[in-house]
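Thanks for making room for me this morning. I would like to walk through one model with you, going from its pocket to a helix beside it and then to some individual side chains.

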Amino acid sequence: MNRFETAARVVDNELGKPYEYGKADCFMLGCQMIDAIQGTDHVETFGGTYDTMAGAQKAMRKQGCKSLSQFFLKKIGLETVTPSFARIGDLAILELDHNGRKAEHVAVFNGRTFTTKTESGSASYGFDAVKACFKV
């Protein structure tokens, strides 16, 4: 299976699941992508460690990180990449509105836009929404 097929399978599978913090949210979408491309087990390690947005932030701080960008750099060891050089399956951190506050979301590059999973469904964003981008 090539990178495109792998990324498409992960995105289709994850977006088909109902949103659930710690099991089927944007962070787990990112972990599934990393696991599928790199053969790691981040879903096993980090899945189910939180069940609310506040719990997700607490779990991240427990890992010694203040942001998703810091988490992917320090804990996962991903390298940054300029969004314009992203490949299909690479990850981005988007800063989006969440109940009137800015919140980070993990998104997957699909070749044209960055797709994320939110409580209200999937959404795609352009390069202007990218806060950080990571090579998977």
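The largest pocket holds about 650 Å³ of space, and I should say at once that we are looking at a predicted model. Its lining is made up of 29 residues, and those that lie nearest the centre of the pocket are Met53, Ala56, Gln57, Met60 and Leu68. If you trace the lining back to the secondary structure, the elements that give two or more residues to it are α2 (26-38), α3 (42-46), α4 (53-62), α5 (68-76) and β3 (101-109). Of the elements, α4 gives the most, with eight residues in the lining. In chemical terms, the lining of this pocket divides into 13 nonpolar residues, nine polar ones and seven charged ones.

Let me turn to α5, where the buried residues are Leu68, Ser69, Phe71, Phe72 and Ile76. How are these buried residues of α5 placed when you look down the axis of the helix? They fall within an arc of 165°, so they line one face of α5. As a reminder, an α-helix has 3.6 residues a turn, so residues three or four places apart point the same way. The cover over the buried residues of α5 includes α2, α3, α4, β2 (91-98), β3 and β6 (130-135). Just after the helix, Gly77 takes a positive phi of about 80°.

The next topic is the aromatic side chains, for which the count comes to eleven aromatic pairs. One of them is formed by Phe27 and Phe46, whose rings are edge-to-face, at 6.3 Å centre to centre and with 70° between the planes. This pair links distant parts of the chain, since Phe27 sits in helix α2 and Phe46 in helix α3, 19 residues apart. Phe27 counts as buried, at 10% relative accessibility, and Phe46 counts as buried as well, at 11%.

A second example is the pair of Phe109 and Phe127, which is tilted, with 5.9 Å centre to centre and 55° between the planes. Here too the pair links distant parts of the chain, with Phe109 in strand β3 and Phe127 in the loop between β5 (121-125) and β6, 18 residues apart. Are the two partners buried or exposed? Phe109 is buried, with a relative accessible area of 6%, whereas Phe127, at 40% relative accessibility, counts as partly exposed. Returning to the first pair, Phe27 and Phe46 belong to one aromatic cluster together with Tyr50, Phe71, Phe72 and Phe134.

I will finish with two single residues. His42 is found in helix α3, and because its relative accessibility is 12%, which is under the 20% limit, His42 counts as buried. Leaving aside residues up to four places away in sequence, His42 touches Cys31, Ile34, Asp35, Gly47 and Ile76. That last contact brings us back to α5, where Ile76 is one of the buried residues.

Leu29 lies in helix α2 and counts as buried, at 1% relative accessibility. Which residues does Leu29 touch, not counting those up to four places away in sequence? They are Val10, Val11, Glu14, Val108, Thr115, Thr116 and Lys117. The C-alpha atoms of Leu29 and Val130, for their part, are separated by 17 Å, with the two residues 101 apart along the chain.

Terms used
Residues are numbered from 1 along each chain as its sequence is written. Side-chain values use heavy atoms; hydrogens and water are left out. On a 1 Å grid over the protein atoms alone, a cavity is a set of points where a 1.4 Å probe fits but cannot get out, and a pocket is an open set with protein on both sides within 12 Å along at least five of seven lines; lining residues have an atom within 4 Å of a point. Grid points are joined across faces, edges and corners, and a volume is the space filled by probe spheres set on the points. Helices (H or I, at least four residues) and strands (E, at least two) are DSSP runs, numbered from the N terminus. Ala, Val, Leu, Ile, Met, Phe, Trp, Tyr, Cys and Pro count as nonpolar, Asp, Glu, Lys and Arg as charged, and the others, Gly among them, as polar. Buried means under 20% relative accessible area, exposed over 50%, partly exposed in between (1.4 Å probe, protein chains only). The arc is that of the directions from the helix axis to the C-beta atoms. Contact means heavy atoms within 4.5 Å. Rings of Phe, Tyr and Trp (its six-membered ring) pair if their centres lie within 6.5 Å; planes under 30 degrees apart count as stacked, over 60 as edge-to-face and the rest as tilted.
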